[in-house]
Structures are given as structure tokens and as C-alpha cells.
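Please read the following report with the sequence and the model side by side. It moves from loop residues to helix packing and then to the surroundings of the ligand.

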Amino acid sequence: MSDKIKTLIVDELATTRESLKKLMESHPEIEVAGQAGTGEEAIARAKTLNLDIILLDANVRGGNGIDVIERLSVEAPEAAILVMSTQGKQEYLQRALLAGAKNYLIKPFDDTELVTMVRQVFKQQQRFKSVFRQGSSASPQPGKVISIISSKGGAGKTTIAVNLAVAFAERPNARVGILDANLQFGDVATYLNLVPRASIADAVAEGELLDEMSLETYMTAYNDRLSLLAAPNRPELAEAITGGNLKAILAQLKKKYEYVVVDTATDLNEITLSVLDESDAIVVLAGSDLPTLKNMKLCLEILQSLKYGEDKVHIVLNRANSAGGLSVQQVEKSLNLKFFATIPSDGKTVLPSINHGTPFVLANHHSAVAQTVFQLAQKLAPLEVSAPPKSMAAKVLDIFG
Ligand SMILES: Nc1ncnc2c1ncn2[C@@H]1O[C@H](COP(=O)(O)OP(=O)(O)OP(=O)(O)O)[C@@H](O)[C@H]1O
Ligand SMILES: [Mg+2]
């Protein structure tokens, strides 16, 4: 494949086309792949030539020039259109740019002006193509929504939600969103030591206009891989927010983020139920004290009646083996289930991390409690680790056995 700048010259006059061709081909990086005398001819050639640049005279026949630009940008979107025009036609040039031309040259122009412009437009087009390629190769799959619930307050929902989100954000090139759906008393921002300037209430106020882009403006960045959509800063602002609003917001978050972690309030209210509906995985946090166990049984019954299967509902014991609590086996027996994961009780690590607003998966990466959160992340959304490149010794063994 040629790496030259493939160009089509479009001008009514054959003599002009020939002199432009001569001029351009005196530069070895430019190849004149074809010529056309009318708009129709230009469109026919452009469709088959896989061009980089179309050098188009503004007075070309076949429409008013603008029509030709519009059709060329649809029929040959890979090519950048460069318009040649006489002075005093500013309005025309504006329309040409709006129709899809990338730039223009005012006649008369000299050799250097022409070639500089061709190179410049070509470079812009290459950059555009590479961004477009990156964009289109990005995963079109919606992100995974993981919500954390519990049947009793203080079970550790926010602690686990925050650390899980940060654990996901440690993955290479991860894009993670955390949504604080504990609308009245949400404290994810505090756990991350953030001061949000906007909240879910602002996003909801956008109504129908809310989209992926506008939602982004209400998010607070923790780092370049993790952003928070905070709970309203006043409990009364939560009143106007409905389950439908939560669904609409999650639909947008899923488009933007690979992982969306949702912290919830303890009540199984309309808000939480809407979150659960939109979730791919529900982490139900259990505890090892009797009141929690009683409520857990009720909670699991509700989830069953909602027809959420075992593939979606994951029961995780937090503060396993905490002093005075039942053993893991006793709790499993009482609930008649096996835990998806167990997280140890470790007040010495967890409490200071909350007070400093630094998640323990970062501050105490090697602690057992942090490691179990990383393992939980891996179980919920396995990260496929690509095989390391083979060493020379292994390659030699492959060849000689
Ligand atoms: N594995 C753990 N080890 C020790 N302490 C823990 C653990 N998990 C949570 N805690 C402690 O439990 C307390 C409550 O945690 P957290 O705020 O995360 O619970 P919650 O379920 O979000 O509460 P709420 O229902 O009020 O939203 C915190 O003080 C935290 O330090
Ligand atoms: Mg909480």
C-alpha cells in the first residue's frame, strides 16, 4: 500500500488540472490519483479511489459546489476536502466548511501555500482517523453494575462499595463510576475525602436532557480512573428523586464506565429496588450477629420473590470472625447457604482508613481485609490476565522439545 498522500484534483479546466498535477507531483510525498472535471465525475472517482485529499474548485459544475461537497463528504468520508476559491466569497467558504470541507485556499496561491495546506489537512485527517479508530474499537458493551445492599444499617456497605470501586480502578485503563444511592444520608464522598460540587439531584434536574456528556459534569473525580456521582448534600433534596430517575442515570453511567459500583441505603425502598433491577450483580452484606441474620433471611426471601437468581445475588459475610459473633460455618448453617466471599473484621485497618478518607485497598494494600476486597472484585468481574511473553529459554524449549 502506498504511503503517499493520495489526491484527486477537481476543476473544470483540463489545463488547470494539469498544472496543479505537475505542481503537486514535484513533491514526492503527494500522488495525484485522479482528476475530475465535474461534481458527478468527482463523486464517482472518490468512491473507488480511497483518497486522502480532494482538491476541489469552488466553481465546479454539478450543483452549486456546496452540494458536491456535501455528497463527497458522505460518499468518501475518508477523504479531506480542500476547496479552492476566489477572494471575496467569505459566505460561500463558511457554507463550504459547514458542508464538510476541511479547509480552503484563496486563489491565486503559490506552490508552497498549496503543498503546506495539503500536508496540514492530511495530518489533521490522520489524527481524526486514529481517534475515530480508537473510539470505535472501545468496548461497545455496557459497563457492569454492582450494587451493595444489606438488611441492617452499619453492615459495611459504604466501606465495601468504596474499596471495591477503588480496587476496580487499580486495573489497567479502568473506567469506574461509583454512585451514592443512599440519597438521604450518603457518605461515599466523605469516605473518599472528596467535596463534590454537584450531586445526583443536579443530574435529575436535567430531566430528559440528561445524557452521557451532561452527566459527566456532575461527577466528582477521585482520580483519572474513578469518579463519583454523589448523594445530595441535603436530605430533603432526595425527596424529588424517583426510582425511574435512578434507572435513567444508571443507563447513562453504564455507557461511560466499565464498572459502576452502587452504594445503597439500608431500606429496600423504591430507589434501592430500581438499582437492583439495573444491577448485574448484587452483593448482599451479611453480619454474624443474630439480629442481622434474622433480617437477612427476610431480605433473601424478597430477592427470591423478585426472581433474582444465584448468578446475580452474592452473599458476602463482612467482619467474619469478629469478637462475639458466630463462626462462618454457624452463619452459613443458619442461613442454609455458602458465602460468595468473607471479609475479615479488621478495625485497626478499616477505621483509620475511613477517618482519613483513604480507602484501605490503597493505604493498606497488603492487609488481609484489602486482599479479600481485591479477590471479591476478581470474583465479581474477572479480569483476564494475558499470558506473559515467553522467555527465550521457553521459546528454545518449544522448538527443541
Ligand atoms: N471489615 C470490617 N472490619 C472492621 N470494621 C468494619 C468492617 N467493615 C465495616 N466496618 C466498620 O463498620 C462501620 C460501618 O461501616 P459502613 O459505614 O461502611 O456501613 P454501612 O452499611 O454503609 O452503614 P449505613 O447503613 O449507615 O450506610 C464503620 O465504622 C466501619 O469502620
Ligand atoms: Mg453507608
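Asn173 is found in the loop that runs between helix 6 and strand 7, where helices (H or I, at least four residues) and strands (E, at least two) are DSSP runs numbered from the N terminus. Its phi is near 55°, a positive value in a residue other than glycine. With 7 C-beta neighbours inside 10 Å, Asn173 counts as exposed; a residue is called buried if 20 or more other C-beta atoms lie within 10 Å of its own, exposed if 12 or fewer, and partly exposed in between, with C-beta atoms placed from the backbone.

This is a predicted model, in which local features need pLDDT of at least 70 and side-chain atom pairs count only at pLDDT 80 or more, whereas totals for chains, interfaces and linings use all residues. Residues are numbered from 1 along each chain as its sequence is written, while chains are lettered from A and ligands numbered from 1 in the order in which they are written.

Asn50 also has a positive phi, and the table sets out the two asparagines.

| Residue | Phi | Loop | C-beta atoms within 10 Å |
|---|---|---|---|
| Asn50 | near 50° | helix 2 to strand 3 (53–57) | 12, exposed |
| Asn173 | near 55° | helix 6 to strand 7 | 7, exposed |

Another backbone feature is the cis peptide bond that joins Lys107 and Pro108, with omega about -10°. Pro108 lies in the loop between strand 5 (103–107) and helix 5 (111–137).

Two helix pairs can be described by their axes, which are lines fitted to C-alpha atoms over the stretch in contact, with angles running from 0 to 180 degrees between N-to-C directions. The axes of helix 2 (residues 39–49) and helix 3 (residues 66–75) come within 10 Å and cross at roughly 10°. That makes helix 2 roughly parallel to helix 3, given that angles under 35 degrees count as roughly parallel, over 145 as roughly antiparallel, 65 to 115 as roughly perpendicular and the rest as oblique. Gly39, Ala42, Ile43, Ala46 and Lys47 of helix 2 make this contact with Val68, Arg71, Leu72 and Glu75 of helix 3, contact being C-beta atoms, placed from the backbone, within 7 Å. The contact residues divide into five nonpolar, one polar and three charged; Ala, Val, Leu, Ile, Met, Phe, Trp, Tyr, Cys and Pro count as nonpolar, Asp, Glu, Lys and Arg as charged, and the others, Gly among them, as polar.

The axes of helix 12 (residues 290–305) and helix 13 (residues 328–335) also come within 10 Å, but cross at roughly 40°, and these helices are therefore oblique to each other. Here Leu293, Met296 and Lys297 in helix 12 meet Val331, Ser334 and Leu335 in helix 13, and these residues divide into four nonpolar, one polar and one charged.

Leu246, in helix 10 (residues 243–256), counts as buried because 24 C-beta neighbours lie inside 10 Å. Leaving out residues up to four places away in sequence, Leu246 touches Ala181, Ile271, Ser274 and Val275. Ile271, Ser274 and Val275 are among the buried residues of helix 11 (residues 270–278), and the buried residues of that helix pack against elements including helix 10 and strand 7 (176–181).

Finally, ligand 1 is surrounded by 20 residues, the closest being Gly153, Gly156, Lys157, Thr158 and Thr159, where a residue is near if its C-beta atom, placed from the backbone, lies within 6 Å. Helix 14 (347–356) supplies the largest share of this shell, four residues. By class, the shell has six nonpolar, eleven polar and three charged residues.

Technical notes:
Contact = placed C-beta atoms within 7 Å.
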